[in-house]
Amino acid sequence: RNAYTTRTAWRTSGPAGMFYKNPQYGFSGGVFTAPQDGYYLASAQLRFDGCAMTSWYYQRLMLTINNRADVNNALHSVLGGTNSPASYYSQHVSGVFFLAKGENVRVQTYAAISCRVQHESGFSVILVGPQSPSLGFHAD
């Protein structure tokens with residue numbers, strides 16, 4: 001593995017009550033493309049199954065903008081160390097950022113161990129607003 005992989009297999013149907021509205025709303029092939037300029041909230045929760053039990057492991061989950069992996073922008077989650085935690089585990093990442101119309105966001109993973117993404121994983125993007133937020137902050 002040892003490479004960034006874009007997650008493309010997402011289920012886009014589900015129970016009533018989820019805020020999912022339109023199956024074609026800027027989402028195709030695992031990539032969300034902004035239909036308009038604005039501030040977006042993206043979130044991904046992945047469950048990894050069948051992970052190789054090793055003495056050392058490393059797993060990174062990222063939201064990437066325009067397919068650019070940036071490990072310094074706080075849009076990532078890292079698990080790693082000695083003695084694998086279990087044969088399955090979950091990771092979560094979320095963030096708010098500005099996207100211009102046509103820019104995109106996707107979920108990417110990097111693994112130094114062998115795992116598969118379980119079907120209960122999720123990825124969502126919602127438009128927070130087209131205007132600059134009047135309140136809020138970001139800190140690294």
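Q: What is the mean pLDDT of the protein, and how many of its residues reach 70 or more?
A: The mean pLDDT, which is the predictor's confidence in each residue on a scale from 0 to 100, is 78 for the protein, and 73% of its residues reach 70 or more. This is a predicted model, in which local features need pLDDT of at least 70 and side-chain atom pairs count only at pLDDT 80 or more, whereas totals for chains, interfaces and linings use all residues. Residues are numbered from 1 along each chain as its sequence is written, and side-chain values use heavy atoms, with hydrogens and water left out.

Q: Which elements have the lowest and the highest mean pLDDT?
A: Strand S2 (residues 27–28) has the lowest mean, 76, and strand S3 (residues 31–33) has the highest, 90. Strands here are DSSP runs of E of at least two residues, numbered from the N terminus.

Q: OK, on to the core: which residues touch the most other members in the largest nonpolar core?
A: Those are Leu63, Phe97, Val107 and Phe123, out of 22 residues in that core. A nonpolar core is a set of buried Ala, Val, Leu, Ile, Met, Phe, Trp, Tyr and Cys residues joined through side-chain atoms within 4.5 Å, and buried means under 20% relative accessible area, with exposed being over 50% and partly exposed in between (1.4 Å probe, protein chains only).

Q: And which strands supply at least two residues each?
A: Strands S4 (38–49), S5 (56–65), S7 (89–99), S8 (104–111) and S10 (122–129) each do so, and S4 gives the most, with five residues.

Q: What does Phe97 touch?
A: Not counting residues up to four places away in sequence, Phe97 touches Gly38, Tyr39, Tyr40, Ala42, Ile65, Leu75 and Val105, where contact means heavy atoms within 4.5 Å.

Q: Which way do the side chains point along S7?
A: They alternate, so that Tyr89, Gln91, Val93, Gly95, Phe97 and Leu99 point to one face and are buried, while Ser90, His92, Ser94, Val96 and Phe98 point to the other and are not. In a regular strand, the side chains alternate between the two faces of the sheet.

Q: How does S7 pair with S4, parallel or antiparallel?
A: S4 and S7 pair in the antiparallel sense over 11 bridges, given that two strands pair if DSSP finds at least two bridges between them. Within S7, His92 stands opposite Gln45.

Q: Switching topic, how many salt bridges does a search of the whole structure find?
A: The search finds one, in which the side chains of Arg47 and Asp49 meet at 2.8 Å, N to O. A salt bridge is a side-chain nitrogen of Lys or Arg within 4 Å of a carboxyl oxygen of Asp or Glu.

Q: Are those two residues buried or exposed?
A: Asp49 is buried, at 9% relative accessible area, whereas Arg47 counts as partly exposed, at 26%.

Q: What else is Asp49 in contact with?
A: Asp49, which is found in strand S4, is in contact with Ser87, Tyr88, Cys115, Arg116 and Gln118, leaving aside neighbours within four places in sequence.

Q: Where do Arg116 and Gln118 lie?
A: Arg116 lies in strand S9 (residues 116–117) and is exposed, with a relative accessible area of 53%, while Gln118 lies in the loop between S9 and S10 and counts as buried at 12%.

Q: And what is each of them in contact with?
A: With neighbours within four places in sequence again left aside, Arg116 is in contact with Arg47, Phe48, Asp49 and Gly50, and Gln118 is in contact with Arg47 and Asp49. The C-alpha atoms of Arg116 and Cys51 are separated by 7.2 Å, with the two residues 65 apart along the chain.

How values were computed:
Helices (H or I, at least four residues) and strands (E, at least two) are DSSP runs, numbered from the N terminus.
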